[in-house]
Amino acid sequence: MMNSDKMAFLRSWQCYLVLGIVAVVVSGLFDHDVLTPDEPRVMAVIKSMFLSGNLVIPEFAGIPFVEKPPLFFAYAVGLMHLTGLDALMAGRLGLAILCLLTLLATFRFACLLQGRRFGWASVAVLATLEGFLVNFHWLRVDAALAMTSMGAIWAFGEAYLRGRYRWLLVAGVFTGLAFLSKGPVAIVLCIAPIWLLLFMRHLYLLKANLLKTTFERRSAWGRILVWHLVGMALMALVMAAWIYPFYLKASPELWHAWFWDNQVGRLTGASTDTLGHNHDGEPFYYASGVIEYTLPWSGFLIAWLAVTFRELVTLRGRIRWQTALMLGWLVLTMLVLGISVTKRTMYMAPLMPMFALMIADAALRFQGRIATWYRRGWALAMGVSLAVFAVTPLWAQYFPKEASSELMQWLTSWHITAPVIGLALTLMVCVEITRWPGWVKFALITMLFFCSGLNHLMPAVDVAKDMRRELHALAVQIPEAQRTRTASVGFTETMSSIFYLYSDWTVPGVDSARARRILLGQDEEYDYLLLDRYNSTKDPLTWLDLPADTPYRVLAVGHPRSNKKNDAVYWLTAAP
């Protein structure tokens, strides 16, 4: 027999939040192939690292990938060895684990700020933010960055908010791991702003309230200095565990590509012409992204900002230290993002815990009629959306005619997940009529929406973005004997990755000048050419910017990107 405490927990909203969080983390995660962009490349790096055992220099299809340090890839390889799973499933399992750990670290840090109720609200909000779920359902290194950054922030919170300086050692390790997840940006963007604010507050309190005698003052400063030095040493050791072997093993060109092009160059804009995503002169680029990533809680974030700024004016800056801390954190991180020339909405992924704390603060403070109708409005919108998703056969005929036959077949068929949507709608109503706090209801309703929606729609997304079927259809037309005499030109990272993943074929790349020699039959090594015509309807010669009189013959044409009709891959050779 369970005791009364356990029975009370099983009936409480906390129990349902935990179940909902676990469900939303795994929903729609394991039932589909790789999705573009990014996932084919990440999976190819994991597969290559597993086969080669090279944990220092990541590569895919024979191409070094030094854009990011190898922590996430090595972590996925470790899961492959432990579980026996393939690269894709191990990577997705790794995402789920990192997601749960990020939520746990956020919960602990939130408890340090304002107690356990705030911790529960923060983790409930974070687990239902659109930006958080998208990035933890996508095979990218940002999941490792978010988890290690939040782990470091939690440890700094233990050190500065509770005076437990030994946690600076844990913070040093997590900060080093964050660096190994994505480089210096992990420290500059994700950790340094909140560390600076926590550290300054801690020093102010020590100086103002706690240190009464000269001896106490000297002793405290000495302890602080020693623990910080040891923590920094641990951070440096963790970082050096990869930097030093990489420095020894990598060529000067690879070192330059990693540090100067991908780290410094992305910040200053020096390398954005080649690496892309140049948004120089757009300081408010992330404004719309913040609203998108914080859905469906965006209204609470806007309310929190409005009330905070009003309090700053009316109270002349005398606001709660927790509010000041979160506002300062937001200002500093958005300043770093705004200064950087390279901008992508996904760069906000590791900042989702910060937004969750602000929204949770608002959700606990604002529980009146407006908040109630805001929740019910979103619940209605979610319910209607789920109902529309469940009955696709009734309206699939109105879907755009450009859709593939495979996608139309899925849309016009009834699926077993449709009744699950009906159950989710029923549970939404049940949640709404409980006496639980409004933010709990909102979180659980949103979890039901995402769980049922992801489980129902991810197979359709998989069909729409499938690359395996069309690539196989092209690859079988290229005999094994000719593959060793075939080079590629214009291949994107995605295309190189899927040839490696699905055909176990590393296609060497050449430039357009050598491509012309191949088509003229003047190359000693290659007789055939694979051309990746990306997002264009141009003929192969125009796409390559080659003279119109260059003779060539088309041996096969494939469309691996089945959802992009303008894309094509040509197998070419010299004209007879």
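## Ala-349 and its surroundings

In this predicted model, Ala-349 has a relative accessible area of 5%. Buried means under 20% relative accessible area, so Ala-349 counts as buried. Ala-349 sits in a loop, with helix H16 (321-339) on one side and helix H17 (352-365) on the other.

Which residues does Ala-349 touch, not counting those up to four places away in sequence? They are Asn-135, Asp-142 and Tyr-293. For Ala-349 and Asp-142, the C-alpha atoms are separated by 6.8 Å, although the two residues are 207 residues apart along the chain.

## The fold as a whole

The protein chain contains 27 helices and six strands. Its radius of gyration is 27 Å, and the globule rule gives 25 Å for 576 residues; the two values are close, so the chain is as compact as a globular protein of that length. Taken along the principal axes, the box filled by the C-alpha atoms is roughly 90 × 60 × 55 Å.

Contacts in the chain can be sorted by distance along the sequence. Of those between residues at least 6 apart in sequence, 74% join residues at least 24 apart.

## Surface and charge

How many of the 576 residues of the protein chain count as buried? The share is 52%. The protein chain exposes about 26100 Å², and 64% of this area is supplied by carbon and sulfur atoms.

Among the side chains, 49 are positive and 39 are negative. The centre of the positive set and the centre of the negative set lie 16 Å apart.

Definitions and conventions: Residues are numbered from 1 along each chain as its sequence is written. This is a predicted model: local features need pLDDT of at least 70, side-chain atom pairs count only at pLDDT 80 or more; totals for chains, interfaces and linings use all residues. Side-chain values use heavy atoms; hydrogens and water are left out. Helices (H or I, at least four residues) and strands (E, at least two) are DSSP runs, numbered from the N terminus. The radius of gyration is taken over C-alpha atoms; the globule rule is 2.2 Å times the number of residues to the power 0.38. Buried means under 20% relative accessible area, exposed over 50%, partly exposed in between (1.4 Å probe, protein chains only). Contact means heavy atoms within 4.5 Å. Accessible areas come from the Shrake-Rupley method with a 1.4 Å probe; for residues, only the protein chains shown count as cover. Lys and Arg count as positive and Asp and Glu as negative; His and the chain ends are not counted. The place of a charge is taken as NZ of Lys, CZ of Arg, CG of Asp or CD of Glu.
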